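Let's take a walk through this one together. Have the model open and ready to rotate.

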Amino acid sequence: MLKRGLRKCVAVFCGLLLAPVAASAAGKCERLIATGNPEYPPYLWRDPQNPQQLIGANADLLKYVGNELGVKIDVLYTGPWSRAQDEVRTGRVDLIAGAFLTKARLGVMDYIHPAFYTTSNVVWVHSGAEFPYASWEDLKGRTGDTLVNNSFGQEFDAYAKSNLTLEGVSSLTQAFKKLLLGRTDYVLYERYPGQALADSQGLGDNLLVLDPPISSEGLYLTLSHNSACNDAWLRGKLAQAMTEALEKGVPQRLLENNLKLWKEQQPPSLTEATE
């Protein structure tokens, strides 16, 4: 009886000793590394002055959230979108600065709720080579293109896997060039970033969007399961900061600011085409 009492006292004593350690462990990461899709203006793109950095509305939002938490968040270029996802999956990078929710990604990363943007995914075609389109069924029998490891929501992804012929490329610029050469019939990508990139390449007049969108999905901040910084404290604080940012209208203001910045960075003739 006495031994059991002693063991209980030792356990309580050890717990008291470990409590400060656990509390400090919650804040052990003073710096987080994030990455994302580098062909994603006005949400994300490579900084012309420092190509190893990603800038845009998503990057600014992560920095805002980091400031709220007292944690420095660097948003770095780690390669094309497929490579960026691999870097987060392995834990070499902590965060994705904007991803759609899929079952596959849920297996390797935690999603921070709520979503901070909702974007529309659309069908891009070569002007003059349009085809009748009103639903997913109209894409059957045609060859499409999209980015490697890209997602358009779980429902459409499942449909496409069983019913559509989709090729994967590393960059949207490559996908648009294949489309204009007649090597594919359509490209699947988001409306806003697709238009921004098309205009920056001088391709805007040669491309059309077919409506309706194939899907509309929320963009989330995600945290790798393999990140050394992934703990309950950090996940909770990120969710709290993101919720408060949305309540204050921060994401929308940052999006408007970065739309202007993207246009300012383009050559004058191309900037006029986006207005």
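We'll start with the disulfide and then turn to the cavities. Keep in mind that this is a predicted model.

The count of disulfides comes to 1. The bond joins C29 and C229, whose sulfur atoms sit 1.9 Å apart. What does this pair hold together? Look at where the two cysteines lie: C29 is in the loop between α1 (2-26) and β1 (31-35), while C229 is in the loop between β11 (207-224) and α8 (232-247), so the bond ties together parts that are 200 residues apart in sequence. As for handedness, the torsion about the S-S bond of C29 and C229 is about -95 degrees, so this is a left-handed disulfide.

Are these two cysteines buried or exposed? The cut-off for buried is under 20% relative accessible area. C29 has 18% relative accessibility, so it counts as buried. C229 comes in at 7%, so it is buried as well.

Now for the empty space inside. There are 2 cavities of 30 Å³ or more, and the largest has a volume of about 90 Å³. Which residues line that largest cavity? Going along the chain, you'll meet N37, Y40, W81, G98, A99, F100, R105, N150, S151, Y189, E190 and L219. Two strands, β6 (95-99) and β10 (186-190), each supply at least two residues of this lining. Sorted by character, the lining of the largest cavity splits into 6 nonpolar, 4 polar and 2 charged residues.

Definitions and conventions:
Residues numbered from 1 in each chain as written. Predicted model: local features only at pLDDT ≥ 70, side-chain atom pairs only at ≥ 80, totals over all residues. Heavy atoms only, no water. 1 Å grid on protein atoms, 1.4 Å probe; cavity = no way out; pocket = protein on both sides within 12 Å on 5 of 7 lines; lining within 4 Å. Points joined across faces, edges and corners; volume = space filled by probe spheres on them. Helix = DSSP H or I, 4+ residues; strand = E, 2+ residues; numbered from the N terminus. Nonpolar A, V, L, I, M, F, W, Y, C, P; charged D, E, K, R; others polar. Disulfide = S-S within 2.5 Å. Buried < 20%, exposed > 50% of the residue type's maximum accessible area, 1.4 Å probe, protein only.
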